[in-house]
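Visitor: I am new to this structure and would like a close look at a single part of it. Please take me through it slowly.

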Amino acid sequence: MKKIYLIFAAVVVALCVAALLLMPLSGPASEGNELQAVEPAVAVEDTVMKYGLPIDFFDVQYDTLRPRQTLAELLHGFGFTARQVYELTQCPDSVFDARRLRPGQVCALFSERDSTAQPRYLVYEESAKEYVVFDLADNYRATRGENPAEWREGEVAGEVESSLWVAMQERGASPLLAVQLSHIFGWSVDFFGIRKGDEFRVVYSQEYVNGAPMNNYRILAASFCASDSLVYAIPYVQDGEELFYNIDGNSLEGAFLKAPLDYYRISSRFSNSRFHPVLKRYRAHHGVDYAAPAGTPVYAIGSGKVIAKAYQAGGGGNYVKIRHNSVYVTTYMHLSRFAKGLKVGDAVKQKQVIGYVGSTGISTGPHLDFRVHENGKPINPLTIKSQPKKPVSQDNMAAFSLLRDSLVTRLKGISTCDSVAADTIKLQ
């Protein structure tokens, strides 16, 4: 029994010794074996990026292209040699086209922030939004980039006192919105005949880049009340195409005929430099020539008002000019004669005969010289939208109605006394 007690006592002693040996590891910290307190992670500030580069890691020099200054002259100011300028401009035109340089555009040279101050990147701003980065350490490899853009939503409403352009300015909105409204409502509202008291309401979004406003706008909904006639413009995408529709789901875009006559062949197209067969020199031909037999009826491609009917001896011969709306004017030249009874001020309908093919004026044979002006500028008649746009289909009418009702409610809620509001709606 005594022997068993001695063995038990020895085991107890051994356990106590082991506990004492292990105490510095598991007990309170002893000198030289202190547990290190875990320090909270230091917050690392976000790296500031510009042109897709960490700008804080470089020294940056800026310069602006001045009038009549070449790119070589600007780059010489950064220390570039003639050879380096040549190599830099050898990238594809699709990436960088030195012929498109414009005064006021900015260049930025990024240099290493060390004792060598070695130039590393060159950035050329094509616009506030687009830029080109040249990697000077990688054979001047060029890449295109875009600054992040955001779209901010705004509302504006008011009454016309003298013109829509002035009314927009008075409400603190861009007059460019007036131009867009004239395109949208051009078939429904005579903007040459708007009167004092006519009212507009617009919901739009405007593009901002680096916090600076751009002259890019999207009309999200609009209404125009003129001569006691209220017209709504509701944008809706159908069959992959966005158009503006009125409250009944009919397209606001008017229809043009494909061509102003039935039997023809195109003998000359729209060109900025065409060899004139009579004058024997190159000059602009801002129209389309339709070769057709003399006497072939010529139609108005759309409804409108005759604003000119005359003879031009040194050019178009007998011609008729029709204003279709506040955007489009069409001209029909070299006519052999006019339609009977046609006079300036007459309202004409689509496909109404206004004259007949001839060869008056400067002409080598019977043809119609047909021209289209959009907002006073000549455009290619073959590119004008000629086919009537379909109304909202029955399958889409339920979805359109929901959108229409919400936008109409919002438009009605804009006070003509409120100032322009702007809120960020999405980031692209």
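How do the residues of the lining of the largest cavity divide into nonpolar, polar and charged?

Guide: This is a predicted model, and the residues that line its largest cavity divide into eight nonpolar, no polar and one charged. The lining is made up of Leu257, Lys258, Ala259 and Pro260, together with Tyr290, Ile301, Phe370, Pro381 and Ile384. Because Lys counts as charged, while Leu, Ala, Pro, Tyr, Ile and Phe count as nonpolar, the one charged residue of this lining is Lys258. The space that these residues line has a volume of about 30 Å³, and a search of the whole structure finds one cavity of 30 Å³ or more.

It may help to set this beside the largest pocket, which has a volume of about 500 Å³. Of the 21 residues that line the largest pocket, those closest to its centre are His183, Ile184, Phe244, Glu253 and Lys385. The lining of the largest pocket divides into 13 nonpolar, three polar and five charged residues, so that polar residues, a group in which His is counted, do take part there. As for where this lining comes from, helix 5 (176-184), strand 10 and strand 12 each supply at least two of its residues, and strand 10 gives the largest share, with four residues.

Definitions and conventions: Residues are numbered from 1 along each chain as its sequence is written. This is a predicted model: local features need pLDDT of at least 70, side-chain atom pairs count only at pLDDT 80 or more; totals for chains, interfaces and linings use all residues. Side-chain values use heavy atoms; hydrogens and water are left out. On a 1 Å grid over the protein atoms alone, a cavity is a set of points where a 1.4 Å probe fits but cannot get out, and a pocket is an open set with protein on both sides within 12 Å along at least five of seven lines; lining residues have an atom within 4 Å of a point. Grid points are joined across faces, edges and corners, and a volume is the space filled by probe spheres set on the points.
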